[in-house]
Amino acid sequence: MSKKSKVKEMDEELDAKKSVDETELEQAENIDNETEQDAELSETDKLKEDLAKEKDKFLRLFAEFENYKKRTSKERMELFKTAGQEIMVSLLPVMDDFDRAIKEIAKTEEKELLKGVELIHGKFSETLKNKGLEQVEVKAGDAFDAEVHEAVTQIPAPDESMKGKIIDVIEKGFKLGDRIIRHPKVVVGN
């Protein structure tokens with residue numbers, strides 16, 4: 001072999017080695033590119049998943065806040081309706097005293113005194129009515145309802161038609177808005 005052929009042979013070997021190295025390098029680059037693309041896709045998927053979780057978390061928090069607003073608004077409205085309930089309950093005995101005073105003064109011959117007390121009673125009851133106080137209408141002969149009436153006692157009914165019905169009203173009942181703040185006290189026939 002001559003030097004030229006040996007050099008040629010070495011060049012061919014070197015070229016073959018370069019082509020093998022280049023092929024391996026290209027394959028490695030392709031693998032790296034695919035890995036990078038997979039990483040990008042998985043990173044994008046992760047970001048999308050995180051976004052979906054945060055969006056769900058936000059929507060739940062928003063819904064919870066809306067429910068809170070509705071609940072507090074409802075409670076506030078209820079509070080406004082019954083804000084004066086304690087005061088109203090404490091004024092009811094005064095109303096009862098006025099009723100008893102009017103009955104007793106009516107038995108006397110003091111018409112001017114009766115007129116003055118009736119005017120004060122009317123003004124007082126009208127003021128309470130304007131604040132939302134209403135009397136629970138109950139009269140003898142009405143059917144007894146444990147949800148509305150408070151039975152003080154039971155007596156034998158004067159006749160069969162009065163069994164389970166109200167015989168007498170001892171104390172008036174009142175309600176504030178839709179809520180009964182004092183149940184009427186009644187006598188029930190049995």
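Q: Is Gly177 buried, partly exposed or exposed in this predicted model?
A: In this predicted model, Gly177 sits in the loop between β4 (173-176) and β5 (179-182). Its relative accessible area is 27%, and the buried class ends under 20% while the exposed class begins over 50%. Because 27% lies in between, Gly177 counts as partly exposed.

Q: Which residues does Gly177 touch, not counting residues up to four places away in sequence?
A: The C-alpha atoms of Gly177 and Lys131 are separated by 9.3 Å, although these two residues stand 46 residues apart along the chain. When residues up to four places away in sequence are not counted, the residues that Gly177 touches are Gly132 and Glu134.

Q: In what order do the elements of the protein run from the N terminus on?
A: The protein has 3 helices and 6 strands, and among them are helix α1, which covers residues 3-81, and strand β2, which covers residues 150-155. Read from the N terminus on, the order of the elements is α-α-α-β-β-β-β-β-β.

Q: What percentage of the residues of the protein count as buried?
A: The protein exposes about 15,400 Å², and carbon and sulfur atoms supply 55% of that area. A residue counts as buried when its relative accessible area is under 20%. Of the 190 residues of the protein, the share that meets this condition is 16%.

Q: Which parts of the chain does the salt bridge between Asp96 and Arg182 link?
A: The side chains of Asp96 and Arg182 meet in a salt bridge, with 2.8 Å from N to O. The pair links distant parts of the chain, since the two residues are 86 residues apart. Both Asp96 and Arg182 are buried. The parts that this pair links are helix α2 (residues 85-107), which holds Asp96, and strand β5, which holds Arg182.

Q: Which residues are linked with Asp96 and Arg182 in a network of salt bridges?
A: Side chains of opposite charge can pair when their charged atoms come close. A search of the whole structure finds 11 salt bridges, and one of these is the pair of Asp96 and Arg182. The residues linked with this pair in a network of salt bridges are Glu171 and Lys185.

Q: Asp99 and Lys172 meet in a salt bridge, so which of the two counts as buried?
A: The side chains of Asp99 and Lys172 meet at 3.0 Å, N to O, and the pair links distant parts of the chain, with Asp99 in helix α2 and Lys172 in the loop between β3 (166-171) and β4, 73 residues apart. Lys172 has a relative accessible area of 31%, and so it is partly exposed. At 15% relative accessibility, the residue that counts as buried is Asp99.

Q: How many residues apart are Glu104 and Lys107, whose side chains meet in a salt bridge?
A: The salt bridge between the side chains of Glu104 and Lys107 spans 3.3 Å, N to O. Glu104 counts as partly exposed at 46% relative accessibility, whereas Lys107 is exposed, with a relative accessible area of 65%. Both residues lie in helix α2, where about one turn of the helix separates them, and they are 3 residues apart.

Q: Which residues form a negative surface patch together with Glu9?
A: Glu9 lies in helix α1 and counts as partly exposed because its relative accessibility is 37%. The residues that join Glu9 in the negative surface patch are Asp11, Glu12, Glu13 and Asp15.

Q: What is the area of the nonpolar surface patch made by Phe58, Leu59 and Phe62?
A: Phe58 lies in helix α1, and at 55% relative accessibility it counts as exposed. Together with Leu59 and Phe62, Phe58 makes a nonpolar surface patch of about 340 Å².

Q: Leaving aside its neighbours within four places in sequence, which residues is Thr153 in contact with?
A: Thr153 is found in strand β2 and counts as partly exposed, at 34% relative accessibility. Thr153 and Gly189 are 36 residues apart in sequence, while their C-alpha atoms are 8.7 Å apart in space. Leaving aside neighbours within four places in sequence, the residues in contact with Thr153 are Val186, Val187 and Val188.

Definitions and conventions:
Residues numbered from 1 in each chain as written. Predicted model: local features only at pLDDT ≥ 70, side-chain atom pairs only at ≥ 80, totals over all residues. Heavy atoms only, no water. Patch = residues over 30% accessible without salt bridge, like charges linked within 9 Å, V, L, I, M, F, W, Y side chains within 5 Å. Areas by Shrake-Rupley, 256 points an atom, 1.4 Å probe, with all protein chains shown as cover. Salt bridge = Lys/Arg side-chain N within 4 Å of Asp/Glu carboxyl O. Lys, Arg positive; Asp, Glu negative; His and termini not counted. Charge placed at Lys NZ, Arg CZ, Asp CG, Glu CD. Helix = DSSP H or I, 4+ residues; strand = E, 2+ residues; numbered from the N terminus. Buried < 20%, exposed > 50% of the residue type's maximum accessible area, 1.4 Å probe, protein only. Contact = heavy atoms within 4.5 Å.
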